[in-house]
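I set out to record which charged side chains pair in this model, and then to look up one further residue. My entries follow the order in which I consulted the structure.

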Amino acid sequence: SMSTPEKSVEQEALEREVLDIVIEQLQLDPSEASLEKSFSEDFGTDSLDLTELIMAFEARFGFEIPQKEAEKLHIIKDVVDYVQKNRSDNKSPPSA
């Protein structure tokens, strides 16, 4: 059977953080924002909005998101996954 790994506290905190940034930047009703929502299709985000959103993520998480990578971020969950992957590249794993 497929076992889904439990979400870590860190993962949940990151999801919350990303959602908060999206809600603030796009001035959404918090009830409208969920991880599966698409920036362009669900929120009608134009390229300027997206650029500002990416800048907000960069400022918050402390690393650069190249244009070609930013173009692959279609839904909010994509951003969470991207930040998680790139953030962990930058820090050493916790000692066991």
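**Notebook entries: charged pairs and one helix residue**

I began with Asp20, which I found to be partly exposed, at 38% relative accessibility. I note at the outset that the model is a predicted one.

Entry 1. I looked for the partner of Asp20 and found a salt bridge with Arg16, in which the closest N and O atoms are 3.3 Å apart. I then looked up Arg16, which is also partly exposed, as its relative accessibility is 45%. Where do Asp20 and Arg16 lie relative to each other? Both are in helix H1 (residues 9–26), and because they are four residues apart there, about one helical turn separates them.

Entry 2. I asked how many salt bridges the structure holds. The count is six. I recorded the general principle as well: side chains of opposite charge can pair when their charged atoms come close.

Entry 3. I turned to helix H5 (residues 76–90), where Asp81 and Lys77 are placed four residues apart, about one turn of the helix. Their side chains meet in a salt bridge, with 2.7 Å from N to O. I checked the accessibility of each partner. Asp81 has 34% relative accessibility and is therefore partly exposed. Lys77 stands at 24% and is likewise partly exposed.

Entry 4. I next noted a network: Lys68, Glu69 and Lys72 are joined by salt bridges that share partners. Within this network I looked up the bridge between Lys72 and Glu69, whose closest N and O atoms are 3.4 Å apart. Is Glu69 buried or exposed? I found Glu69 to be buried, because its relative accessibility of 18% is under the 20% cut-off.

Entry 5. I left the charged pairs and looked up Phe61, which belongs to helix H3 (residues 47–61). Its relative accessibility is 10%, so I entered Phe61 as buried.

Entry 6. Which residues does Phe61 touch, if those up to four places away in sequence are not counted? I listed Leu14, Glu17, Val18, Ile21, Val83 and Arg87. I followed one of these contacts, Arg87, further. Phe61 and Arg87 are 26 residues apart along the chain, and I read a separation of 7.7 Å between their C-alpha atoms.

Note on methods: Residues numbered from 1 in each chain as written. Predicted model: local features only at pLDDT ≥ 70, side-chain atom pairs only at ≥ 80, totals over all residues. Heavy atoms only, no water. Salt bridge = Lys/Arg side-chain N within 4 Å of Asp/Glu carboxyl O. Helix = DSSP H or I, 4+ residues; strand = E, 2+ residues; numbered from the N terminus. Buried < 20%, exposed > 50% of the residue type's maximum accessible area, 1.4 Å probe, protein only. Contact = heavy atoms within 4.5 Å.
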